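Here is a colleague's note for a reader who is new to this structure. The points below take up side-chain contacts, charged pairs, a strand and aromatic rings in turn.

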Amino acid sequence: MAVAATLVLAVSACTTSSGQEDGSAGITGAGAIVTVAPSDRHEPIDLAGETIDGGQLDLADYRGQVVVVNYWASWCGPCRGEAPALVEAQKRLPEAQFVGLDRNDDSKANAVAFTRTFDVPYPSLYDSGGKLLLAFNGAVPPTSLPSTIVLDAEGRVAAVVLGPTTTTTLVDLVHDVGGTA
């Protein structure tokens, strides 16, 4: 998969967005953005599971909307740093659905505390076995925290941000993918 190869090459160091080492093994903050042309997008992502609060979520329920999936963990410094930007982007993008994907080595209690601390209004899937991330077919390396995936209205990977993102980046990507201004 060309997207996966490009993304894996973009992840080469454990740094923050300023290029400083984060101190957390396997965490990148490279901030690389990869977009996928509509003609190069693969099949829709099939992702469903339990949320951190015990509910159920299926991305297929959001077909017809652009979906922003943020891969995070409560112990990840860059994830904590970007959380306010994601919350603000969600407020500015009522046409998009936001979903979190909590890394498998995080505890549910810590994940719930994280979402309360940062007033995260959208649901987060709990990747208990580390298998949910596999639904993205290698577009996001498991060690690339945080990462944000933008799915088009058909549920296909349209863009990926490896490392911390900003409100402006997300708003622009969602508008580009959704065809709105």
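**Notes on the predicted model**

1. A convenient place to begin is Leu151, which, leaving aside residues up to four places away in sequence, touches Ile45, Leu59, Gln65, Val66, Val67, Val69, Phe136, Arg156, Val157, Ala158 and Val177. Please keep in mind while reading that the model is a predicted one.

2. Leu151 also belongs to the largest nonpolar core, a set of 54 residues in which Leu59, Phe98, Phe136 and Leu151 touch the most other members. The elements that contribute two or more residues to this core are strand S4 (66–72), helix H2 (77–92), strand S5 (96–102), H3, strand S6 (124–126), S7, S8 and helix H4 (167–178). As general background, nonpolar side chains in soluble globular proteins tend to be buried together.

3. Turning to charged side chains, the structure holds 6 salt bridges. One of them joins Asp152 to Arg41, with the closest N and O atoms 3.0 Å apart. Because Asp152 sits in the loop between strand S7 (147–151) and strand S8 (157–162), while Arg41 sits in the loop between strand S1 (32–35) and strand S2 (48–50), the pair ties together parts that are 111 residues apart in sequence. Both Asp152 and Arg41 are buried.

4. A salt bridge also forms between Lys108 and Glu50, where the closest N and O atoms are 2.7 Å apart. Lys108 belongs to helix H3 (residues 108–117) and Glu50 to strand S2, so this pair ties together parts that are 58 residues apart in sequence. Lys108 counts as partly exposed at 29% relative accessibility, and Glu50 likewise counts as partly exposed, at 34%.

5. How far apart, N to O, are the side chains of Glu154 and Arg156 in their salt bridge? The distance is 3.6 Å. Glu154 is partly exposed, with a relative accessible area of 47%, whereas Arg156 counts as buried at 13% relative accessibility. These two residues do not stand alone, for Arg41, Asp152, Glu154 and Arg156 are linked in a network of salt bridges. Arg156 is also one of the residues that Leu151 touches.

6. Which side chains of S1 are buried, and which are not? The side chains alternate along the strand, with Ala32 and Val34 pointing to one face, where they are buried, and Ile33 and Thr35 pointing to the other, where they are not. In general, the side chains of a regular strand alternate between the two faces of the sheet. S1 runs antiparallel to S8, and 4 bridges join the two strands; within this pairing, Val34 stands opposite Val160 in S8.

7. The structure holds 3 aromatic pairs. In one of these, Phe98 and Tyr122 have ring centres 5.7 Å apart and planes at 40°, so the pair is tilted. Since Phe98 lies in strand S5 and Tyr122 in the loop between H3 and S6, the pair ties together parts that are 24 residues apart in sequence. Phe98 and Tyr122 are both buried, and Phe98 is among the core residues that touch the most other members.

8. Phe114 and Phe118 form an aromatic pair that is also tilted, at 4.9 Å centre to centre and with 50° between the planes. Both Phe114 and Phe118 are buried, and together with Trp72 they form one aromatic cluster.

How values were computed. Residues are numbered from 1 along each chain as its sequence is written. This is a predicted model: local features need pLDDT of at least 70, side-chain atom pairs count only at pLDDT 80 or more; totals for chains, interfaces and linings use all residues. Side-chain values use heavy atoms; hydrogens and water are left out. A salt bridge is a side-chain nitrogen of Lys or Arg within 4 Å of a carboxyl oxygen of Asp or Glu. Buried means under 20% relative accessible area, exposed over 50%, partly exposed in between (1.4 Å probe, protein chains only). Two strands pair if DSSP finds at least two bridges between them. A nonpolar core is a set of buried Ala, Val, Leu, Ile, Met, Phe, Trp, Tyr and Cys residues joined through side-chain atoms within 4.5 Å. Contact means heavy atoms within 4.5 Å. Rings of Phe, Tyr and Trp (its six-membered ring) pair if their centres lie within 6.5 Å; planes under 30 degrees apart count as stacked, over 60 as edge-to-face and the rest as tilted.
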